[in-house]
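Colleague: I would like a close look at a single part of this model. Please take one sheet and walk me through what surrounds it.

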Amino acid sequence: MVELPAWLLGVGLVMLALPGASAVSVDGRALKKDASVLILGGGVAGVIAARTLHEQGITNFTIVEAKGELGGRLTSTTFGAKGKEVTLELGANWVQGTQTDNGPANPIWTLVQKHGLKTHENDWTGSIVTYNATGPDDYLDLFDESADAYTNLTITAGTRVDKRLVDATARTGYSLLGAKSRTPQAMASEYYQFDWEYAQTPEESSWIASSWGNNFTYNTDVGGFGDDNQMALDPRGFKHIIQAEAAEFLKPAQLRTNSTIKTIKNSDSGVSVVLESGEVLHADYALCTFSLGVLQHDDVVFEPALPDWKEEAIQSMTMATYTKVFLQFEEKFWFDTEMALYADPERGRYPVWQSLDHVNFLPGSGIVFVTTTGDYSLRIESLPDEQVQEEVLGVLAAMFPNTTIPAPVAFHFPRWNADPLFRGSYSNWPSSFFSEHHENLRANVGERLWFAGEATSQKYFGFLHGAYFEGADVATDMAKCIKAGGCVGMKHVQEVTNARPYKI
Ligand SMILES: Cc1cc2nc3c(=O)[nH]c(=O)nc-3n(C[C@H](O)[C@H](O)[C@H](O)COP(=O)(O)OP(=O)(O)OC[C@H]3O[C@@H](n4cnc5c(N)ncnc54)[C@H](O)[C@@H]3O)c2cc1C
Ligand SMILES: *[C@@H]1O[C@H](CO)[C@@H](O)[C@H](O)[C@H]1NC(C)=O
Ligand SMILES: *[C@@H]1O[C@H](CO)[C@@H](O)[C@H](O)[C@H]1NC(C)=O
Ligand SMILES: *[C@@H]1O[C@H](CO)[C@@H](O)[C@H](O)[C@H]1NC(C)=O
Ligand SMILES: *[C@@H]1O[C@H](CO)[C@@H](O)[C@H](O)[C@H]1NC(C)=O
Ligand SMILES: *[C@@H]1O[C@H](CO)[C@@H](O)[C@H](O)[C@H]1NC(C)=O
Ligand SMILES: *[C@@H]1O[C@H](CO)[C@@H](O)[C@H](O)[C@H]1NC(C)=O
């Protein structure tokens, strides 16, 4: 195990010293130990939080979810021309890092096995071919070099932690290593290592936090699960694991779907949420699991407004966007590998391709998809479908100069950033986001309002397993608080200060 800085080890709960049964809250009221809890949002974090409360014997809770089903960003759709329909994952589609020997298991992998979800390994590095803007172009040497540069980036980030050096962007890290990607081929290779994972550029990302993020999931030396990626291929959708898990403990009265929350009213004595319908739900506690993007976008109004320390934390982390653009053709005409990399002169322009019409995935489906991220995703979200389709077909024509590219029989891409229930795909940690900000992003506001989700995970932000661990950990803390008859909760810092103030 590496030595972790104290702040990463988590902050203990500050409990009130209360005598036995006559528990009182901070303001002196008597509290029931079977307090009621509203879990706001039914994604992975919300469902696992509910399961945790249930396990702790706290059963008076309700999950309040805007959509018609559980799963959140685990979401699938039926895609394809008549007679050629398949289930596709619009959101998360891999278990990233599963388990190595008897090492720690990714809890999402555990759920996959428990509920018999169909998956297959996806070989990101060994089954790939490369293209440029005039056709096939073998630059696998550059591709391998960029993988080494990425490994070196995570190592040098570790030495910065050891020496207590300040964070910087991953771009600074790459440049100091001498890894300067200047050709389309080198840029595409770097993109595959970096942007395709973080959904943002090295310029937009923390050097240290991105390296941690990689290590804690993939690197078994530091407690990671391992480096394989399992692709969900189940006709019931990847969401089946969370819906089946919920079915084991959740009672109908504990779930309200189709209930969009507009306002969250927080006070010392409880929380009320106002639904779009005007209906008001009251509870002793609430756990908000909405995405960072939803919190940033003011889709939900907090009354009173969240305190400055919370708002600064929310606005300082980044909600990134990751977009899969799906095409279905009468028949496959493309590469036989699982993956392909396309090097456009413009970095990030339709770079990463994956064939689903592959023996390991959905053979015979006629489906290939391309992924965009970051600003490029925002750009395509703003365009009509027809224009994006035309651009993507243009890239295929460049990759396959001797093939007449047929018209696709189906085309679809989700607009994650425009979706008011998500406002992006997952969080990314910028270099201006300090560990105290993270503590504040996670901390409860007052005694009653708590937060959990993918973005509040210090080690696994962005991942399904981050949402899982946060749902479990924060609900455990809430249960302790409820059973103690009240608590102050997690620590926050009032102001994130500069170690050495600026001088003029
Ligand atoms: C395109 C894409 C690809 C991804 N790929 C992977 C991957 O391969 N592997 C991986 O590990 N992770 C991946 N992720 C990330 C992963 O999906 C998330 O980290 C995880 O699902 C987040 O779970 P959560 O419970 O924190 O949030 P959410 O799933 O967002 O849950 C929050 C819930 O709140 C609901 N909600 C929002 N606003 C309101 C409102 N006003 N009223 C009521 N309800 C509301 C939402 O509908 C949602 O159900 C991907 C995400 C996306 C979008
Ligand atoms: C659950 O909590 C609600 C809100 O506080 C309360 O009205 C209800 O009676 C409680 N139900 C039970 C079974 O305790
Ligand atoms: C929820 O909405 C979906 C479609 O948005 C609908 O099919 C479903 O019947 C609704 N469920 C309830 C319980 O109203
Ligand atoms: C694209 O690859 C081909 C084949 O390797 C090569 O001849 C050509 O110069 C490359 N084009 C660019 C712009 O790099
Ligand atoms: C990575 O680091 C090793 C060891 O210092 C070095 O030999 C190698 O050239 C570096 N590779 C890249 C691509 O930076
Ligand atoms: C990531 O793992 C590498 C290899 O084990 C290690 O050298 C490095 O210090 C780690 N990076 C961080 C940021 O902890
Ligand atoms: C395309 O066809 C030309 C002419 O037959 C040939 O020289 C070239 O190698 C082909 N390119 C590819 C990518 O197959």
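Modeller: What follows starts with the whole protein, goes to one parallel sheet, and then moves outward from there.

Keep in mind that this is a predicted model. The protein has 504 residues, and 49% of them count as buried. It holds 14 helices and 25 strands. Its C-alpha atoms fill a box of roughly 80 × 60 × 45 Å along the principal axes. A compact globule with 504 residues would have a radius of gyration near 23 Å, and the protein has 23 Å, so the two agree. Now look at contacts with a separation of 6 or more. Residues 24 or more positions apart account for 76% of them.

Now to the sheet. Which strands form it, and in what order? The order is β11-β3-β2-β15-β24. That makes an open sheet of 5 strands, with parallel pairing. At the edges stand β11 (255-256) and β24 (449-451), and each of them pairs on one side only. Helix α14 (residues 464-483) packs on this sheet. The helix touches β2, β15 and β24. Its direction makes about 170° with that of β15.

Next, zoom in on β2, which covers residues 37-40. On one side, β2 pairs with strand β3 (residues 61-64). The two run in the parallel sense over 4 bridges. Find valine 37: its bridge partner in β3 is phenylalanine 61. β2 is also joined to strand β15 (residues 285-288). Again there are 4 bridges, and these strands run parallel. Here valine 37 stands opposite tyrosine 285.

Are the faces of β2 covered or uncovered? Both are covered. Side chains in a regular strand alternate between the two faces of the sheet. In β2, Val37 and Ile39 lie on one side, and Leu38 and Leu40 on the other. All four are buried.

Compare strand β5 (residues 86-89). Its covered face carries Val86 and Leu88. Its uncovered face carries Thr87 and Glu89. The partner of β5 is strand β4 (residues 76-79), and the two pair in the antiparallel sense over 4 bridges. Threonine 78 has threonine 87 in β5 as its bridge partner. β4 and β5 form a hairpin with 6 residues between them. Glycine 80 sits in the turn and has a positive phi of about 135°.

Now the helices. Isoleucine 108 has its place in helix α2. Why does isoleucine 108 count as buried? It has 29 C-beta neighbours inside 10 Å, so it passes the mark for a buried residue. Leaving out residues up to four places away in sequence, isoleucine 108 touches Val95, Leu464, His465 and Tyr468. Isoleucine 108 and aspartate 477 are 369 residues apart in sequence. In space, their C-alpha atoms are 21 Å apart.

Helix α8 (residues 240-247) has buried residues as well: His240, Ile241, Ile242 and Ala246. What covers them includes α1 (44-55) and α2 (107-114).

There is another sheet to set beside ours. It is open too, with 4 strands in the order β14-β13-β12-β16, but its pairing is mixed. β14 (280-283) and β16 (301-303) stand at the edges with a single partner strand each, so one side of each is left without a neighbour in the sheet. Neighbouring strands here are turned by 20° against each other on average, direction ignored. Strand β13 (residues 270-275) is joined to β14 by 4 bridges, and these two run antiparallel. Valine 273 has leucine 281 in β14 as its bridge partner.

Last, the ligands. Around ligand 4 you find Asn132, Ala133, Thr134 and Asp137. By class, that shell has 1 nonpolar, 2 polar and 1 charged residues. Ligand 6 has 13 residues around it. Those that come nearest are Ala157, Gly158, Ser211, Asn215 and Asp221. Two elements give two or more residues to this shell: α3 (140-162) and α7 (207-218). The largest share, 5 residues, comes from α3. By class, the shell around ligand 6 has 7 nonpolar, 5 polar and 1 charged residues.

Methods:
Residues are numbered from 1 along each chain as its sequence is written. Chains are lettered from A and ligands numbered from 1 in the order in which they are written. This is a predicted model: local features need pLDDT of at least 70, side-chain atom pairs count only at pLDDT 80 or more; totals for chains, interfaces and linings use all residues. Two strands pair if DSSP finds at least two bridges between them. Axes are lines fitted to C-alpha atoms, for helices over the stretch in contact, and angles run from 0 to 180 degrees between N-to-C directions. A residue is near a molecule or strand if its C-beta atom, placed from the backbone, lies within 6 Å of it. Ala, Val, Leu, Ile, Met, Phe, Trp, Tyr, Cys and Pro count as nonpolar, Asp, Glu, Lys and Arg as charged, and the others, Gly among them, as polar. The radius of gyration is taken over C-alpha atoms; the globule rule is 2.2 Å times the number of residues to the power 0.38. A residue is buried if 20 or more other C-beta atoms lie within 10 Å of its own, exposed if 12 or fewer, and partly exposed in between; C-beta atoms are placed from the backbone. Two residues are in contact if their C-beta atoms, placed from the backbone, lie within 7 Å.
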